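Reader: I have a model open and some questions about its strands, pockets and rings. Can you take them in turn?

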Amino acid sequence: MGHRTIDLSSGPGTLNISLNRPERQNSIDATMIRELHEALDQAEAATDCRVVVLQGGDGVFCTGMDLLGAAAAGVPDQDGAARGGAEFLELLKRFTTTPRVVVAKVDGRVAGGGVGLAAAADFVFATPASTFSLPEALWGLLPCCVTPFLIRRVGFQKAYAMSLSTQPVTADQAVLCSLADQMADDLGPAIRKLTFRASKLSGPTIGDLKRYFAKMWILSAEQEQTAVDEFARLMSSAGVGRRIADFAERQRFPWEGGS
């Protein structure tokens, strides 16, 4: 099956997913969300697959929402924005429930929704060059769908500080706050070691473990709805639409203009 936004390759016990939108800094659009679901379908259908490795390329893991695509589509109505938010939230939830070990292999910049992909993964391995940031507030947005998964990983205060400060977290800082599990120049040995051990587990056991731990850290339906509703409210607002349109037309960030 051909894909437009990702590349797939298989190894022993592993499905590798490479985000492949270099012209858009590996930003996330509806096609990428759909294709990531298809990749997870493929991983779950492969009886010998235990580990899914998600990676970026060219110094960028993922930069979150496709702002240029959003600008081209115009300011969405609240229902349209809610659908987009719900689709992304559902993808992050699937990372936490799929009966496969999901590894984010990070080498470079991670921003916005990209932090969500990493936070929802079971393991995050990062190179020293990696950074993690949540710039949403600079656009008048909030990391609505990312927050539940980020809090699960790093706790309330760190998630709150990353959102409010908008400052990047370096790779070593990410390890200290548990946003990343390991930092190394060469991530291959860590992934091979994990895959070897994961190959001794059955897929149903991985699924059972994820379901059990999900009940220990419950993301309620009310919290999910709050995340989607808040994203929709902000994304459909005139102020956010103007900032995104300015960026698309003039390559000007909000903090460079005064909008």
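The questions and answers below concern this predicted model.

Reader: In which sense do strand 1 and strand 2 pair, antiparallel or parallel?
Author: Strand 1 covers residues 6-11 and strand 2 covers residues 14-19. Six bridges join them. Leu8 stands opposite Ile17 in strand 2. The sense is antiparallel.

Reader: Which residue in the turn of that hairpin has a positive phi?
Author: Strand 1 and strand 2 have two residues between them. In this turn, one phi is positive, at about 70 degrees. The residue is Gly13.

Reader: Which element gives the most to the lining of the largest pocket?
Author: The largest pocket holds about 1100 Å³ of space and is lined by 46 residues. Helix 1, helix 2, helix 3, strand 6 and helix 10 each supply at least two of them. The top contribution is six residues. It comes from helix 3.

Reader: How many charged residues are in that lining of the largest pocket?
Author: Ile28, Gly64, Met65, Asp66 and Leu67 lie nearest the pocket's centre. By class, the lining has 27 nonpolar and twelve polar residues. The charged residues number seven.

Reader: Which residues are closest to the centre of the second largest pocket?
Author: This pocket has about 620 Å³ of space. Its lining counts 26 residues. Helix 5 and helix 10 are among the elements that supply at least two residues each. Closest to the centre are Thr147, Pro148, Phe149, Leu219 and Gln223.

Reader: What geometry do Trp139 and Phe247 have as an aromatic pair?
Author: The structure holds six aromatic pairs. For Trp139 and Phe247, the centres are 5.5 Å apart and the planes stand at 90 degrees. Planes over 60 degrees apart count as edge-to-face. The pair is edge-to-face.

Reader: How many residues apart in sequence are the parts that this pair of Trp139 and Phe247 ties together?
Author: Trp139 is buried, and so is Phe247. Trp139 lies in the loop between strand 8 and helix 5, and Phe247 in helix 11, so the pair ties together parts that are far from adjacent in numbering: 108 residues apart.

Reader: Is Phe156 buried or exposed?
Author: Phe156 and Tyr160 lie in helix 6, four residues apart. Their ring centres are 5.8 Å apart with planes at 10 degrees, so the pair is stacked. Tyr160 is partly exposed at 44% relative accessibility. Phe156 has 57%, and therefore counts as exposed.

Reader: Which residues do ring pairs link into a cluster?
Author: Trp139 and Phe247 already form a pair. Ring pairs add Phe253 to the group. The cluster is Trp139, Phe247 and Phe253.

Methods
Residues are numbered from 1 along each chain as its sequence is written. This is a predicted model: local features need pLDDT of at least 70, side-chain atom pairs count only at pLDDT 80 or more; totals for chains, interfaces and linings use all residues. Side-chain values use heavy atoms; hydrogens and water are left out. Two strands pair if DSSP finds at least two bridges between them. On a 1 Å grid over the protein atoms alone, a cavity is a set of points where a 1.4 Å probe fits but cannot get out, and a pocket is an open set with protein on both sides within 12 Å along at least five of seven lines; lining residues have an atom within 4 Å of a point. Grid points are joined across faces, edges and corners, and a volume is the space filled by probe spheres set on the points. Ala, Val, Leu, Ile, Met, Phe, Trp, Tyr, Cys and Pro count as nonpolar, Asp, Glu, Lys and Arg as charged, and the others, Gly among them, as polar. Rings of Phe, Tyr and Trp (its six-membered ring) pair if their centres lie within 6.5 Å; planes under 30 degrees apart count as stacked, over 60 as edge-to-face and the rest as tilted. Buried means under 20% relative accessible area, exposed over 50%, partly exposed in between (1.4 Å probe, protein chains only).
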